[in-house]
Amino acid sequence: MPLAKTFSRHVSHPRRIIFLSASAGLIFFLLFISISLTLSMKRHAASHDRLAVYTQRYLSNVFSDLQSTLEPLQAATLVSCEQVRADLTQRAAFAANIRAILLVKNDIAFCSSATGPMSLSIHQISPFTDASQSRDIRLIAGTPMVRKQPALVLWLANNSRADSGIFTTLNIDLTPYLLLTSRQQEISGMAIAAGGQALTTWNERVIDRSALPDHPLRTVAVPGYPLTLYLYGDSMPQREIHLILLSGLLIGVVIGCACYLLLMLRLRPGKEILLGIKRGEFHVEYQPVVDAQTGQPYGVEALMRWTHPTEGRIPPDAFISYAEGQNLIVPLTRHLFSLIARDAHQLRDTLPVGTRLGVNLSPLHLSHPTFRHDVNRWLAAMPEGHFVPIFEITERAMMSGKEADDNFEWMRQQQIRIAIDDFGTGHSALIYLEKFQFDYLKIDRGFVQSIGMETVNTPVLDTVLALAKKLNLNTVAEGVETAEQALWLINRGVTHMQGYLFSRPCKVPLLVAYYQNAARPAGAACATADGNC
Ligand code: G
Ligand code: G
Ligand code: MN
């Protein structure tokens, strides 16, 4: 961005940097949390998938082991209980989780691994077991022997004989599974469902399957068995979400602050101004002021110029008002003083003694504690008694009352003349003309340019000039570009003029040439219409 633009932007939009930094912080925050949440979610989904696969594999193994333990007993359903009881008990004892193995003939359990011969309809134990299926699994609230502990009932039909088969009750306890998954904090519960019943980790009793929560995280079916396992929980642990949000917030704030600092440093032309002073990028141009009666040079106005190494010339309007806003006007004016003092030693050989030297002063510098000290140093550095300094001050500075009064008085004691600059802009008040003692009234070029255009400004200018004449004030018309303007002004009693008609602001060598020209007997100075020295 061109620095000149940056200046004007900054002067008018100081909140822009804050807005940009906050936006950058917010974008990073959103980007960070969306990426982190997506990645984390994927990671957890993969881990849940793995858990589901392991669980399924585990349950398949359990059931196939169970089947290989039980299947050989199918033949036993044909013999008497006494004959098989020992084998039955042994198998039940050595297989994990088996509560009892019951042999069934014609829907009646006639032999139990736990109690031996018996005669009980399997529907009395497990009302929903469907013996017509070759395999069936149900959940029951308890068995005849252990009434209060839910059990899983496995029915394996004897394929060669209808209504016969093996009826096994299995202890079911989900706690170990929950322990298994406890490392995954987002898994909050499990449920195992068979038929219309379900057993959960959050309830000791068998519940109705329809009472299960709606959206399980994963559903695991056991192949070959009508058994389903549900995993419940959040797709991501809350703690991790909080952590991501917190980290995102932190990163957002850090990025925002970094942006702010970076933009402040990068875009803050204040740094550039100080750097410009250090690197000698500033110089002073001098615009001659002529005597209205004789056309002879009367003095010069020093105007500061900044040539930035990459941005080129930066208009003083921009950098002066920026420097004022950034509290840099004092170092800048001190620098101006030192540049003028340096030039003055060169100029004194050509410019006559008593040459007026106008310097623009910011009202901020005027009310600064070091003002008098800065001025004294400057005066000490100037060639003694050669130039008559004029401080050009805008009307703004006149408004600050007592302090301005004191300073004006002090300047006068130092033999410094005072000019009201840009008279007619801002808070033009004729009252200042009487209230303050000053030496020159610099009429803003806006007025001068209205000459011959019949605007409302012309009669005002007329009045101001008449008043100034009455008050015995020197008047300097700024921005005189045409002979017509000059003539009009001379006729109205203007005492001095400045503008392209006489000369543009120029560097020391051209100014010297201008003065040398003016000193020639032909004396026409360099009053060229194109305004070049
Ligand atoms: O010549 P130019 O377009 O550069 O002047 C633009 C404005 O900047 C004018 O109002 C002039 O008073 C102001 N200006 C130029 N140089 C200085 C300076 O050294 N100090 C201050 N305070 N104002 C300056
Ligand atoms: O401080 P002050 O506002 O008086 O500064 C004078 C300003 O007017 C400077 O920016 C200078 O370059 C500019 N200037 C001087 N002479 C002319 C002129 O004849 N025409 C125009 N348009 N600007 C001028
Ligand atoms: Mn000026």
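**Exercise 1. Find the residue that stands opposite Ile140, then place the pair in its sheet.**

Ile140 faces Ala151, a residue of β5. Strands here are DSSP runs of E with at least two residues, and helices are runs of H or I with at least four, numbered from the N terminus. β5 covers residues 151–157 and pairs with β4 in the antiparallel sense, over six bridges. Two strands pair if DSSP finds at least two bridges between them.

Now widen the view. The open sheet has six strands, ordered β3-β2-β1-β6-β5-β4, with antiparallel pairing. Its edges are β3 (116–121) and β4 (135–140), each pairing on one side only. On average, neighbouring strands are turned by 25° against each other, direction ignored.

The model is predicted: local features need pLDDT of at least 70, side-chain atom pairs count only at pLDDT 80 or more, and totals for chains, interfaces and linings use all residues. Residues are numbered from 1 along each chain as its sequence is written, chains are lettered from A and ligands numbered from 1 in written order, and side-chain values use heavy atoms, without hydrogens and water.

**Exercise 2. Determine which strands helix α2 lies across.**

Start with the helix: α2 spans residues 16–70. It lies across β1 (98–105), β4, β5 and β6 (165–171). Against β5 it runs at about 55°. Axes are lines fitted to C-alpha atoms, for helices over the stretch in contact (heavy atoms within 4.5 Å). Angles run from 0 to 180 degrees between N-to-C directions.

**Exercise 3. Describe the site of the manganese ion (ligand 3).**

First, list the protein donors: Glu301 (OE), Asn360 (OD1), Glu392 (OE) and Asp421 (OD), at 2.1 to 2.3 Å. Donors are N, O and S atoms within 2.8 Å of the metal (3.2 Å for Na, K and Ca); water is not among the atoms, so sites may look incomplete.

Next, read the spacing along the chain: E-x58-N-x31-E-x28-D. Asn360 sits in β15 (residues 355–361) and Asp421 in β17 (residues 417–423), so this pair ties together parts 61 residues apart in sequence.

Then check exposure. Asn360 is partly exposed, at 25% relative accessibility. Asp421 is buried, at 6%. Buried means under 20% relative accessible area, exposed over 50%, and partly exposed in between (1.4 Å probe, protein chains only).

**Exercise 4. State the overall make-up of the protein.**

Count the elements: 17 helices and 20 strands. Of the 533 residues, 47% are buried.
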